[in-house]
Amino acid sequence: MDASLGLHGMAAAWHTLAEQDTGEALDRNEWLGMMLDREAAHRADKRFANRLRNAKMRFPNACIEDINVDCH
């Protein structure tokens, strides 16, 4: 599958399914469903990454586990 249409998630799913033995057990509808799910997830991940990059957070690598709540 050619990714020239910008369907990189679908292209990745196509290659993954074509290389696996389980891909033969799936019918057309299941293949299409999996490829569409992968494309939707790929686009959501890309949007999130863009928003995170554009947020220009003060501490971009901070995480909740780093918060010190010791009151002593």
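A salt bridge here is a side-chain nitrogen of Lys or Arg within 4 Å of a carboxyl oxygen of Asp or Glu. Keep that cut-off in mind, since the tour comes back to it shortly.

A word on what you have open: this is a predicted model, where local features need pLDDT of at least 70 and side-chain atom pairs count only at pLDDT 80 or more, while totals for chains, interfaces and linings use all residues. Residues are numbered from 1 along each chain as its sequence is written, and side-chain values use heavy atoms, with hydrogens and water left out.

**Whole chain**

Start zoomed out, in cartoon. You'll find two helices and zero strands (DSSP runs, H or I of at least four residues for helices and E of at least two for strands, numbered from the N terminus). Along the principal axes, the C-alpha atoms fill a box of roughly 60 × 30 × 20 Å. The radius of gyration is 19 Å, where a compact globule of 72 residues would come in near 11 Å (taken over C-alpha atoms, with the globule rule being 2.2 Å times the number of residues to the power 0.38).

Switch on the surface: about 6,400 Å² is exposed, 55% of it from carbon and sulfur atoms (Shrake-Rupley areas with a 1.4 Å probe; for residues, only the protein chains shown count as cover). Just 12% of the 72 residues are buried, where buried means under 20% relative accessible area, exposed means over 50%, and partly exposed is in between.

**The core**

Now select Met10, Ala13, Leu17, Trp31 and Met35, the five residues of the largest nonpolar core (buried Ala, Val, Leu, Ile, Met, Phe, Trp, Tyr and Cys residues joined through side-chain atoms within 4.5 Å). Helices α1 (8-19) and α2 each supply at least two of these residues, and α1 gives the most, with three. In soluble globular proteins, nonpolar side chains tend to be buried together.

**The salt bridge**

Next, pick Arg43 and Glu39. Their side chains meet in a salt bridge at 2.8 Å, N to O, and a search of the whole structure finds one such bridge. The two residues are about one helical turn apart, because they sit four residues from each other in helix α2. Colour by accessibility and Glu39 shows up as buried at 5%, whereas Arg43 is partly exposed at 42%.

**Down the end of α2**

Which residues make the nonpolar surface patch of about 320 Å²? Select Phe48, Leu52 and Met57. Patch members have over 30% relative accessible area and no salt bridge, with nonpolar side chains (Val, Leu, Ile, Met, Phe, Trp, Tyr) joined within 5 Å and like charges within 9 Å. Leu52 belongs to helix α2 (residues 28-55), and its 42% relative accessibility makes it partly exposed.

Then click on Lys56, in the segment after α2. Its phi is near 50 degrees, a positive value in a residue other than glycine. Is Lys56 buried or exposed? At 72% relative accessible area, Lys56 is exposed.

**One last distance**

Finish by drawing a line between the C-alpha atoms of Ala18 and Ala55: the separation is 38 Å, for residues 37 apart along the chain. Ala18 lies in helix α1 and is partly exposed, with a relative accessible area of 48%.

Note on methods
Buried means under 20% relative accessible area, exposed over 50%, partly exposed in between (1.4 Å probe, protein chains only).
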